[in-house]
Amino acid sequence: FQEAYATLRQSEARYRSLVENAPYGICRCSPDGRFVSANPALVRMLGYESEAELLEVNPGTTVHREPNPMEYHQLLSELLHRGAGSRVAEVQWRRKGGSALQVRLSGRAIIGTSGGLEGVELMAEDVSEQRVLEQRLRLAQKMEAVGRLAGGIAHDFNNFITGITLCNHIMGRGLGADDPRRRQVEEIDLAATRAALLT
């Protein structure tokens, strides 16, 4: 009996260590959406001092961020009605100080020994920085595309300017120094030079 008890305690200690030291937030919620337990990673992620302090808050109104406060409860409801199946969702949460974070949640319903639904287990990963980097990458790709387009247009425009400049020089060769049309040729040449500098 003592050997079985010691084995059970070792197994429980390993499980507790796994949850306590996990890099992701892990929590258990009641069927009405309240936190029942939370690991240190979730407490830190949400900016609370202790698990006890976090368990005092109402996740639906305090942690879940606008504009869709019902999303958290919809997720819990889906998990509860799905039974043992899991679901992944991305939501916006709010830290204790009010700052926003983007969280990827995965969870499953907890089914008791009697077969009834006891609540939900959730794993939460803060993906805020990842989303910011993705947004920056998309913006950089857009700017690169605009740059390529502008470069192509500038190249084509320079080809037109080169044609104008060559024709203008050919016209200017046949004009004498006192020809009144020479002034117009010089104006065309000046405008073409400015356009080339602009592109």
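The following paragraphs lead the reader through a predicted model, from its long helix to its core, its main pocket and several single residues.

A suitable starting point is helix α6, which covers residues 128–173. Its length can be checked by simple reasoning: at 1.5 Å a residue, its 46 residues should span 68 Å, and the C-alpha atoms at its ends are 67 Å apart, so the expected and computed values agree. Which residues of α6 are buried? They are Ser128, Ala154, Ile161, Asn168 and Gly172. The elements that cover these buried residues include the strands β4 (100–111) and β5 (117–126), as well as helix α7 (181–198).

The next topic is the interior. The largest nonpolar core consists of 24 residues. Within this core, Phe35, Leu42, Leu46, Leu54 and Trp93 have the most contacts. Several elements contribute at least two residues each: the strands β1 (25–29), β2 (35–38), β3 (86–94), β4 and β5, together with the helices α2 (40–45) and α5 (70–82).

The model also contains open space. The largest pocket holds about 470 Å³. Its lining is made up of 21 residues, and those closest to the centre of the pocket are Tyr15, Val19, Ile26, Ser37 and Glu121. Helix α1 (2–20) and the strands β1, β2, β4 and β5 each give at least two residues to this lining. Which element supplies the largest share of the lining? That element is α1, with six residues. In chemical character, the lining comprises 10 nonpolar, four polar and seven charged residues.

Single residues complete the picture. Ser30 is found in the loop between β1 and β2. Is Ser30 buried or exposed? Its relative accessibility is 16%, and a residue under 20% counts as buried, so Ser30 is buried. Apart from neighbours within four places in sequence, Ser30 is in contact with Val36, Glu118 and Gly119.

Two residues of helix α4 (residues 59–63) may be considered together. Gly60 belongs to this helix, and Val63 is also placed in α4. Gly60 has a relative accessible area of 6% and is therefore buried. Val63, at 1% relative accessibility, is buried for the corresponding reason. What does Val63 touch, when residues up to four places away in sequence are not counted? The list is Phe35, Leu46, Val57, Asn58, Gln92, Trp93 and Arg94. Among these, Phe35, Leu46 and Trp93 were named above for their contacts inside the largest nonpolar core.

Separation in sequence and separation in space may also be set side by side. Gly60 lies 52 residues from Leu8 in sequence, and their C-alpha atoms are 36 Å apart. Val63 and Glu118 are separated by 55 residues in sequence and by 22 Å in space, C-alpha to C-alpha.

The last residue is Glu56, in the loop between α3 (51–55) and α4. Its relative accessible area is 64%, and a value over 50% means exposed, so Glu56 is exposed. Glu56 and Phe35 are 21 residues apart in sequence, while the distance between their C-alpha atoms is 8.1 Å.

Technical notes:
Residues are numbered from 1 along each chain as its sequence is written. This is a predicted model: local features need pLDDT of at least 70, side-chain atom pairs count only at pLDDT 80 or more; totals for chains, interfaces and linings use all residues. Side-chain values use heavy atoms; hydrogens and water are left out. Helices (H or I, at least four residues) and strands (E, at least two) are DSSP runs, numbered from the N terminus. The expected span of a helix is 1.5 Å times one less than its number of residues. Buried means under 20% relative accessible area, exposed over 50%, partly exposed in between (1.4 Å probe, protein chains only). Contact means heavy atoms within 4.5 Å. A nonpolar core is a set of buried Ala, Val, Leu, Ile, Met, Phe, Trp, Tyr and Cys residues joined through side-chain atoms within 4.5 Å. On a 1 Å grid over the protein atoms alone, a cavity is a set of points where a 1.4 Å probe fits but cannot get out, and a pocket is an open set with protein on both sides within 12 Å along at least five of seven lines; lining residues have an atom within 4 Å of a point. Grid points are joined across faces, edges and corners, and a volume is the space filled by probe spheres set on the points. Ala, Val, Leu, Ile, Met, Phe, Trp, Tyr, Cys and Pro count as nonpolar, Asp, Glu, Lys and Arg as charged, and the others, Gly among them, as polar.
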